[in-house]
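Colleague: I am new to this one. Can you take me through it piece by piece?

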Amino acid sequence: WKPLRLERTDLPRLEAAEVRCRVAPDLGRAVVTLAADGIGVGSWRWRVWAPDGCQAADVGDRMAEGCIRAEITLSEPVLWWPHDQGEPSLYRWELE
C-alpha cells in the first residue's frame with residue numbers, strides 16, 4: 001500500500017568530485033588535481049582529453065576509505081582564453 005524503493009548499496013559510488021588546476025607562471029605546465037568522495041570499495045579511472053580530442057591522461061587505482069585523490073601534470077597545456085583574446089580551449093574529463 002506504500003511505494004517501495006530498492007537500492008543496491010554494495011556497489012561503490014561517487015558522492016562528489018572536484019577538479020582544480022594550477023598553471024605555472026611561465027604557462028608551460030599545468031598541475032590538475034582530482035578530489036572525489038565515494039562510498040564503498042572499488043577501482044576508479046580518471047581520463048582527461050585535450051581540446052583536440054587526444055587523450056592527455058589516464059590514471060586509475062582503488063578507492064581507499066571512500067576517497068579518490070590524483071594529480072596529473074600537463075606539459076604545454078592549451079589554455080582557455082576569452083573569445084575576444086584567443087581561442088577558448090576546453091579539456092574534457094571523465095571519472096568512472
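Colleague: Where is Gly 66 placed?
Modeller: This is a predicted model. Two strands flank Gly 66, β4 and β5. Gly 66 sits in the loop between β4 and β5.

Colleague: Is Gly 66 buried or exposed?
Modeller: Its relative accessibility is 14%. Buried means under 20%. Gly 66 therefore counts as buried.

Colleague: Which residues does Gly 66 contact, neighbours within four places in sequence aside?
Modeller: Contact here means heavy atoms within 4.5 Å. Three residues meet that cut-off for Gly 66. They are Ala 36, Asp 37 and Gly 38.

Colleague: What separates the C-alpha atoms of Gly 66 and Glu 15?
Modeller: Along the chain, Gly 66 and Glu 15 are 51 residues apart. In space, their C-alpha atoms are separated by 9.4 Å.

Colleague: Now the sheet. In what order do the three strands of the open sheet lie?
Modeller: The pairing is antiparallel. The edge strands are β4 and β6, each pairing on one side only. Neighbouring strands are turned by 10° against each other on average, direction ignored. The order is β4-β3-β6.

Colleague: How many bridges join β3 to β4?
Modeller: β3 and β4 run antiparallel. One of the residue pairs is Trp 49 with Gln 55, the latter in β4. The number of bridges joining β3 to β4 is seven.

Colleague: On to charges. How many salt bridges does a search of the whole structure find?
Modeller: The test asks for a side-chain nitrogen of Lys or Arg within 4 Å of a carboxyl oxygen of Asp or Glu. Arg 20 and Glu 18 pass, at 2.9 Å from N to O. Over the whole structure, the search finds five.

Colleague: Of Arg 20 and Glu 18, which is exposed and which is partly exposed?
Modeller: Exposed means over 50% relative accessible area. Glu 18 has 39%, so Glu 18 is partly exposed. Arg 20 has 57%, so the exposed residue is Arg 20.

Colleague: Which strands hold Asp 58 and Arg 45?
Modeller: Asp 58 and Arg 45 form a salt bridge, their closest N and O atoms 2.6 Å apart. The pair links distant parts of the chain, 13 residues apart. Both residues count as partly exposed, Asp 58 at 37% and Arg 45 at 34%. Asp 58 is in β4 and Arg 45 is in β3.

Colleague: How many residues apart in sequence are the parts that Arg 47 and Glu 94 tie together?
Modeller: Arg 47 forms a salt bridge with Glu 94, with the closest N and O atoms 2.3 Å apart. Arg 47 lies in β3 and Glu 94 in β6, so the pair ties together parts 47 residues apart.

Colleague: Is Arg 47 buried or exposed?
Modeller: Glu 94 is partly exposed at 28%. Arg 47 has 15% relative accessibility. Since the cut-off for buried is under 20%, Arg 47 counts as buried.

Colleague: Which residues do salt bridges with shared partners join into one network?
Modeller: Arg 47 and Glu 94 already form a salt bridge. The network also includes Glu 96. Its members are Arg 47, Glu 94 and Glu 96.

Colleague: Last, the nonpolar patch on the surface. What is its accessible area?
Modeller: Val 23, Leu 27 and Trp 81 form the patch. Trp 81 lies in the loop between β5 and β6, and is partly exposed at 37%. Together the three have about 250 Å².

Key. Residues numbered from 1 in each chain as written. Predicted model: local features only at pLDDT ≥ 70, side-chain atom pairs only at ≥ 80, totals over all residues. Heavy atoms only, no water. Patch = residues over 30% accessible without salt bridge, like charges linked within 9 Å, V, L, I, M, F, W, Y side chains within 5 Å. Areas by Shrake-Rupley, 256 points an atom, 1.4 Å probe, with all protein chains shown as cover. Helix = DSSP H or I, 4+ residues; strand = E, 2+ residues; numbered from the N terminus. Buried < 20%, exposed > 50% of the residue type's maximum accessible area, 1.4 Å probe, protein only. Pairing = 2+ DSSP bridges. Axes fitted to C-alpha atoms, helices over the stretch in contact; angles between N-to-C directions.
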